[in-house]
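This report describes one protein model, starting from a single residue and working outward to the whole chain. Please keep the sequence and the 3D view at hand.

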Amino acid sequence: MSAQPRVKPALRFGQVVIGPPGSGKTTYCQGMQEFLTSLGRKVVVVNMDPANEGIPYSCAVDVAELVTLDDVMENLKLGPNGGLLYCMEYVEANLDWLESKLTQYSDCYFLFDCPGQVELYTHQSSVKNIFSQLAKWNFRLTAVHLVDSHYCADPAKFISVLCTSLSTMLHVELPHVNVLSKLDLIEQYGSLAFNLDFYTEVMDLTYLLDHLAADPFFKKFRHLNEKLAEVIQDYSLVSFVPLNVQDKDSMIQVLRAVDKANGYCFGDLEERKLQAMMSAAVGADFQFSSTLGVQERYVETSGKSVEEEMMQL
C-alpha cells in the first residue's frame with residue numbers, strides 16, 4: 001500500500017532579522033511585533049539565537065529549549081564563537097524539532113530573531129541551510145540585515161560594512177533589505193562627510209575614498225580600498241533603508257520594502273490602518289518626523305546638496 005503524499009503547508013510570510021552584535025536585532029523584533037500587531041497581523045516571533053537572554057518580546061518559539069550557548073561552552077569547552085557555530089549546526093541537525101514548533105502556528109506572520117555572529121552569514125553554511133529548509137516548508141522570507149548607522153561617520157568602517165553586506169546578500173540567497181538602524185542616535189557620532197542619502201543609496205564611492213586618502217593611516221591602502229569600492233559598485237546590490245524604531249514613518253518605510261521583497265500584499269484593512277497612522281497626530285509611542293528631522297539637519301548644516309559637496313572634492 002503506497003504512502004499518502006505529504007500535504008504542502010500553507011504559504012507563510014516573514015522576516016529573518018540578521019546583523020552584527022549590537023545592531024539592534026532584538027529591539028527591532030520587539031518594535032516590529034508591536035507595530036504589526038497594531039496593523040492587525042498575527043505575529044509569531046521565533047528566537048533563533050541560543051545566546052539570547054532576557055528576551056523583551058513575546059516569544060512563541062525559543063531555540064533555547066533545544067540548545068543554549070552556555071551549555072555548549074560548559075560541556076564542550078568551547079569559546080563563544082565556536083560554541084555559537086556548534087549551536088547552529090545542532091539546530092540544522094534537528095530541524096524536525098523546529099518544524100514541529102512552527103506547524104503549531106498557521107495564518108501568521110513570522111519574525112526570526114537570528115544570532116549576531118557575522119561568520120554565520122558570510123562563510124558558514126548552517127544558517128543558510130536552515131533558511132533553505134524554511135523555504136521548502138513554504139515560507140516566503142526576507143532577510144532584514146541591520147547595520148548600526150554610526151558606521152556612516154567613519155569612511156573606512158562604512159566600506160567594511162558595505163563589503164559585509166554584499167557578502168551576506170550573496171551567501172544567504174534570500175530577498176534582502178539592508179537597514180541602517182539606530183538613526184536617532186547617529187548625531188552622537190559626529191557629522192557625516194555627505195548627506196545621509198549618499199550612504200543610504202551608496203552613491204559613487206570614489207568620493208568616499210578621497211576622505212580616506214586624507215588620513216595618513218589609510219593613505220597607503222588607497223589602492224586596496226579602490227578595488228573594494230569597485231567590487232561593491234560592480235555588483236550594484238547594496239543600498240540601505242534608514243530606521244528609527246520609535247518613528248512610525250520609518251517603520252512603515254522598512255515594512256513596505258520588506259513586503260515588496262518577499263511578495264506580501266497588503267489587505268484592505270491593513271492598508272486603511274496604515275493610512276490612518278500616517279495621517280494621525282504625533283502619539284506617545286512614535287515620533288513621527290524624527291528620522292526626517294535628522295536628515296534635514298544634515299542638509300541645513302552643510303547648506304549644500306550631495307552633488308555640490310562632491311564637486312568641491
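## Contacts of Y121

Beyond its neighbours within four places in sequence, Y121 is in contact with I18, C114, P115, V127, S167, T168, H171 and V172. The model is predicted, and the contacts are computed from its atoms. Y121 sits in helix α5, which spans residues 119–122. With a relative accessible area of 3%, Y121 is buried.

G19 lies 102 residues from Y121 along the chain, yet the two C-alpha atoms are separated by 8.7 Å. Both Y121 and G19 also belong to the lining of the largest cavity.

## The cavity

How many cavities of 30 Å³ or more does the structure hold? The structure holds one. The space in the largest cavity comes to about 30 Å³.

Its lining consists of G19, P20, V118, Y121, H145, T164 and T168. Sorted by class, three of these residues are nonpolar and four are polar, with no charged residues in the lining. T168 is a lining residue and is also among the residues in contact with Y121.

## Cysteines

A search of the whole structure finds zero disulfides. A disulfide is a covalent bond between the sulfur atoms of two cysteines. For C29, the closest cysteine sulfur is that of C114, at 8.0 Å, so the pair is too far apart for a bond. The cut-off for a disulfide is a sulfur pair within 2.5 Å.

C29 is buried, at a relative accessible area of 0%. C87 is likewise buried, with a value of 0%. C114, the partner considered for C29, is one of the residues that Y121 contacts.

## The loop at I186

I186 is located in the loop between strand β6 (176–181) and helix α8 (196–201). Is this loop residue buried or exposed? I186 counts as buried because its relative accessibility is 2%, and the limit for that class is under 20%.

Along the chain, I186 and H150 are 36 residues apart, while their C-alpha atoms are separated by 5.4 Å.

## The whole protein

The protein has 15 helices and seven strands. Of its 313 residues, 46% are buried; Y121, I186, C29 and C87 are among them. The protein exposes about 15,400 Å², and carbon and sulfur atoms supply 52% of that area.

Among contacts with a separation of 6 or more, 77% are between residues 24 or more positions apart.

Definitions and conventions
Residues numbered from 1 in each chain as written. Predicted model: local features only at pLDDT ≥ 70, side-chain atom pairs only at ≥ 80, totals over all residues. Heavy atoms only, no water. Helix = DSSP H or I, 4+ residues; strand = E, 2+ residues; numbered from the N terminus. Buried < 20%, exposed > 50% of the residue type's maximum accessible area, 1.4 Å probe, protein only. Contact = heavy atoms within 4.5 Å. Areas by Shrake-Rupley, 256 points an atom, 1.4 Å probe, with all protein chains shown as cover. 1 Å grid on protein atoms, 1.4 Å probe; cavity = no way out; pocket = protein on both sides within 12 Å on 5 of 7 lines; lining within 4 Å. Points joined across faces, edges and corners; volume = space filled by probe spheres on them. Nonpolar A, V, L, I, M, F, W, Y, C, P; charged D, E, K, R; others polar.
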